[in-house]
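Work through the exercises below with the sequence and the coordinates at hand. Each task is followed by a solution in steps.

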Amino acid sequence: MKPIQLFPIIILLTACSESPVSAKTGDAPVSTVPAATAPHGLNAKLIARGGEVYKANCAACHGANAEGAPNWHQKGADGKFPPPPLDEKGHGWHHPKSALVQTIREGTVKLGGGMPAWKGTLTDDDIEAVLSWIQSRWPEDVYKSWALMDEKARRK
């Protein structure tokens, strides 16, 4: 029988628990556990905010985990494609950030798609946050490919 390695479990439980507030000073104690780093060097607070924006506005169509609708690559009875996945299985990472922002702002209805325009509902900061949340879910190789493509697009 292998001995249980408690150190990773202790770190995990410590990181997931809330810091108690000191009754004496009202201050939360300083954690000795380093803060988790966000994937791809993204801002962790922005990702967290983006998750909330996504949950409130995007998950109903694109899925709770950005998995997209079933059969998203086949037109539905209405002649439109269902919402695609926003993870590495979809095509969002094939587009520069400017195109992703425009798609969210303007939607795709004018182009024959089914996505509504979010301009007037989501602020630029909301859009930035939700894109960070989506990108945080991409594997490192996918994010790096996207970042290179986005950099080239910005230079044009």
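The model is predicted.

**Exercise 1.** Classify lysine 97 as buried, partly exposed or exposed, then find its salt-bridge partner and state what the pair connects.

Step 1. The relative accessible area of lysine 97 is 24%. Buried would require under 20% and exposed over 50%, so lysine 97 is partly exposed.

Step 2. The partner is glutamate 128, with the closest N and O atoms 2.7 Å apart.

Step 3. Lysine 97 belongs to helix H4 and glutamate 128 to helix H5, so the salt bridge ties together parts 31 residues apart in sequence.

Step 4. Glutamate 128 has 30% relative accessibility and therefore also counts as partly exposed.

**Exercise 2.** Which parts does the salt bridge between arginine 105 and aspartate 124 tie together?

Step 1. The N to O distance between the two side chains is 3.0 Å.

Step 2. Arginine 105 lies in helix H4 and aspartate 124 in helix H5, so parts 19 residues apart in sequence are tied together.

Step 3. Arginine 105 is partly exposed, at 29% relative accessible area.

**Exercise 3.** How far apart in helix H6 are glutamate 151 and arginine 154, and which network includes them?

Step 1. The two residues are 3 apart in helix H6, which means a separation of about one helical turn.

Step 2. Their closest N and O atoms are 3.3 Å apart, in a salt bridge.

Step 3. Glutamate 151 is partly exposed at 31%, whereas arginine 154 is exposed at 58%.

Step 4. Through shared salt-bridge partners, Asp150, Glu151, Arg154 and Arg155 form one network.

Definitions and conventions: Residues numbered from 1 in each chain as written. Predicted model: local features only at pLDDT ≥ 70, side-chain atom pairs only at ≥ 80, totals over all residues. Heavy atoms only, no water. Salt bridge = Lys/Arg side-chain N within 4 Å of Asp/Glu carboxyl O. Helix = DSSP H or I, 4+ residues; strand = E, 2+ residues; numbered from the N terminus. Buried < 20%, exposed > 50% of the residue type's maximum accessible area, 1.4 Å probe, protein only.
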